[in-house]
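The exercises below ask you to read contacts, burial and charge pairing from a single set of coordinates. Work through each task before turning to its solution.

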Amino acid sequence: MEGPQLPRLAPFIPLDNGEAPGPRCGHTLTSVHISGKTPSEYMLILFGGATALEGTGNGGGSGIRLAGATADVHCFNVRTGVWKRLETTGETPTPRAAHAAAAVGSMDV
């Protein structure tokens, strides 16, 4: 007996990299639904992260640590496939990596 046939997905290729973030690790990427827009918008909010790794990680006790923490914020529009760098207002968050974020309603906290 054959199992159910699952749909095949086409590879996703962003239409325009726009203001895409550079390589990093230790960042957060949070899905946020923007209601009240037509069509409905889904965004991915990228915050912070480290742009470098330091150490050897060869088991000698020094390990690897994150370096070059950032505080930049980027938004990826899931529908259009476009990245945009966002400017924060008010008190700017401090640079950080290996942190956590969660969406509450349409807010990223």
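A salt bridge is taken here as a side-chain nitrogen of Lys or Arg within 4 Å of a carboxyl oxygen of Asp or Glu. The model is predicted, so local features need pLDDT of at least 70 and side-chain atom pairs count only at pLDDT 80 or more, whereas totals for chains, interfaces and linings use all residues. Residues are numbered from 1 along each chain as its sequence is written, and side-chain values use heavy atoms, with hydrogens and water left out.

**Exercise 1. Find how many salt bridges the rule gives, and locate the partners of each.**

Step 1. Applying the rule gives a count of 2 salt bridges. As background, side chains of opposite charge can pair when their charged atoms come close.

Step 2. One of these is formed by Arg79 and Glu41, whose side chains meet at 2.7 Å, N to O. This pair links distant parts of the chain, since Arg79 is in the loop between E5 and strand E6 (82-86) and Glu41 is in strand E2, 38 residues apart. Strands (E, at least two residues) and helices (H or I, at least four) are DSSP runs, numbered from the N terminus.

Step 3. Asp72 forms a salt bridge with Arg24, with the closest N and O atoms 2.9 Å apart. Here too distant parts of the chain are linked: Asp72 is in the loop between E4 and E5, and Arg24 is in the segment before strand E1 (28-34), 48 residues apart.

Step 4. Burial is judged by relative accessible area (buried under 20%, exposed over 50%, partly exposed in between, with a 1.4 Å probe and protein chains only). Glu41 counts as buried because its value is 5%; Asp72 is buried at 10%, and Arg24 is buried at 17%.

**Exercise 2. Describe how the loop residues Gly48 and Thr70 are placed relative to each other.**

Step 1. Gly48 is found in the loop between strand E2 (41-47) and strand E3 (50-55), while Thr70 is in the loop between strand E4 (64-69) and strand E5 (73-77).

Step 2. Although they are 22 residues apart along the chain, their C-alpha atoms are separated by 4.7 Å. The side chain of Thr70 reaches the backbone oxygen of Gly48 at 3.3 Å, which is a polar contact (a pair of N or O atoms within 3.5 Å; within protein, one must be able to donate a hydrogen and the other to accept it, and residues adjacent in sequence count only if both atoms are side-chain atoms).

Step 3. Gly48 is buried because its relative accessible area is 0%, and Thr70 is buried at 15%.

Step 4. For contacts (heavy atoms within 4.5 Å), residues up to four places away in sequence are not counted, and Gly48 then touches Arg24, His27, Thr70, Asp72, Arg96 and His99.

**Exercise 3. Which residues does Asn77 contact, and is Asn77 buried or exposed?**

Step 1. Asn77 lies in strand E5 and is buried because its relative accessible area is 12%.

Step 2. Leaving aside neighbours within four places in sequence, Asn77 is in contact with Glu41, Tyr42, Met43 and Val82.

Step 3. A polar atom of the Asn77 side chain lies 2.9 Å from the backbone nitrogen of Arg79.

**Exercise 4. State how many disulfides the whole structure holds.**

Step 1. With a disulfide defined as a pair of cysteine sulfur atoms within 2.5 Å, the search of the whole structure finds 0.

Step 2. Cys25 is partly exposed at 27% relative accessible area, whereas Cys75 is buried at 12%.
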